[in-house]
Amino acid sequence: MVEQFLSGKVAIVTGANTGIGKAIAEELAKRGAKVVVNYRSHPERTDEMISAIKAAGGEAMGAQADVTHLDQLQAVVDQAVSSYGRLDIMVNNAGLETRTSVLDTSPEDYDRVLDVNLKSAFFGTQFAAKQMIKQGGGGRIINISSVHEDWPMPNNTAYCLSKGGVRMLTRTAGVELAPHGITMVNIGPGAVDTPINASYAGNKTLLDKLDAAIPLGRMAEPQEIASVAAFVASDGASYITATSIFADGGIMQSSPGL
Ligand code: NAI
Ligand code: BGC
């Protein structure tokens, strides 16, 4: 029997029908939360996920929205409240990268990366916090950041910039929201086996190079990030706020041992 320590809670996960977001939505539901699965495209994947969650005895619903359109993002929060009555856990997970350097990033790429990764987390935080304050009793805001909130990834400059912004969003807004009983935590994954890293999965030379750079010797499975999110959402994490937790297999401390 799985311990349902999120029973009675309502959660939103953005960008949640693939990769890390999907694993988080499934884990929160397994732990008893009612989950709103935000997705931008592929409703059929969302339907499949929701059927599986319900078949396992959980509760979830889909909410289509492009989170860079703030009216659509607000509508996701409104749907959570109209369907499930409240909002306790907001997971800002949607993200993308262009893998371009400062020299070859176009203004369009820059805006896309910053809008999805940072602007949606900023306003996802604002909209969720306003609802949490209105209903009372606090809440949890979790941002899926990256090791690259702090650690350069050359040739992925705008992405690093966006995650650096999420780092300061959590530190600053976390302080602002603390008096309301709302905690705010970044989870910073290292390399995780999801569609964002498809270029490694299909290329043994690249994958071997990546694995060699990770002290634990392998990419994470999405579930290994989802379990951290479930902990951060739980009562056991009540004193963690305005900071980051890294789940990176040691990659940020990797050293050739000179
Ligand atoms: P993914 O590509 O499977 O997931 C990203 C999700 O965001 C997709 O479902 C996509 O549709 C959604 N999304 C993108 N733009 C959106 C928009 N405008 N509106 C709504 N949804 C949108 O990749 P993954 O790895 O699961 O990424 C999830 C988060 O984890 C991202 O924020 C990423 O930066 C972060 N991350 C991933 C790591 C990895 O190695 N896979 C490592 C560190 C952080
Ligand atoms: C990036 C991936 C990268 C991983 C580890 C993530 O934030 O999206 O492209 O493999 O960090 O460096």
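## A walk through the fold and its salt bridges

Let's start with the basic parts list: the chain has eight helices and seven strands. Keep in mind that this is a predicted model.

How do those elements pack overall? For 258 residues, a compact globule would be expected to have a radius of gyration near 18 Å, and the chain comes out at 18 Å, so the two agree. Laid along its principal axes, the box filled by the C-alpha atoms is roughly 55 × 40 × 35 Å. Half the story is on the inside: 50% of the 258 residues count as buried. The contacts tell you about the chain's path too. Take those between residues at least 6 apart in sequence, and 74% of them join residues at least 24 apart.

Now for the surface and the charges. The chain exposes about 12,000 Å², with carbon and sulfur atoms supplying 55% of that area. There are 21 positive and 27 negative side chains, and the centres of the two sets sit 4 Å apart. Side chains of opposite charge can pair when their charged atoms come close. A search of the whole structure turns up ten salt bridges, and a few are worth a look.

Begin in helix α4, residues 107-135, which holds both arginine 112 and aspartate 109, three residues apart, or about one turn of the helix. These two form a salt bridge, with 3.7 Å between the closest N and O atoms. Which partner is buried? Aspartate 109 is, because its relative accessibility is 18% and the cut-off for buried is under 20%. Arginine 112, at 42% relative accessible area, is partly exposed.

The next bridge reaches further along the chain. Arginine 171 and glutamate 149 meet through their side chains at 4.0 Å, N to O. This pair links distant parts of the chain, 22 residues apart: arginine 171 belongs to helix α5 (residues 157-177), while glutamate 149 lies in the loop between β5 (139-144) and α5. Glutamate 149 is buried, with a relative accessible area of just 5%.

Then there's glutamate 224, whose salt bridge with arginine 218 has its closest N and O atoms 2.8 Å apart. Are these partners buried or partly exposed? Glutamate 224 counts as partly exposed at 34% relative accessibility, and arginine 218 counts as partly exposed at 39%.

Finally, salt bridges can also join up into something beyond a pair: Glu27, Lys30 and Arg31 are linked in a network of them.

Conventions: Residues numbered from 1 in each chain as written. Chains lettered and ligands numbered in written order. Predicted model: local features only at pLDDT ≥ 70, side-chain atom pairs only at ≥ 80, totals over all residues. Heavy atoms only, no water. Helix = DSSP H or I, 4+ residues; strand = E, 2+ residues; numbered from the N terminus. Rg over C-alpha atoms; globule rule 2.2 N^0.38 Å. Buried < 20%, exposed > 50% of the residue type's maximum accessible area, 1.4 Å probe, protein only. Contact = heavy atoms within 4.5 Å. Areas by Shrake-Rupley, 256 points an atom, 1.4 Å probe, with all protein chains shown as cover. Lys, Arg positive; Asp, Glu negative; His and termini not counted. Charge placed at Lys NZ, Arg CZ, Asp CG, Glu CD.
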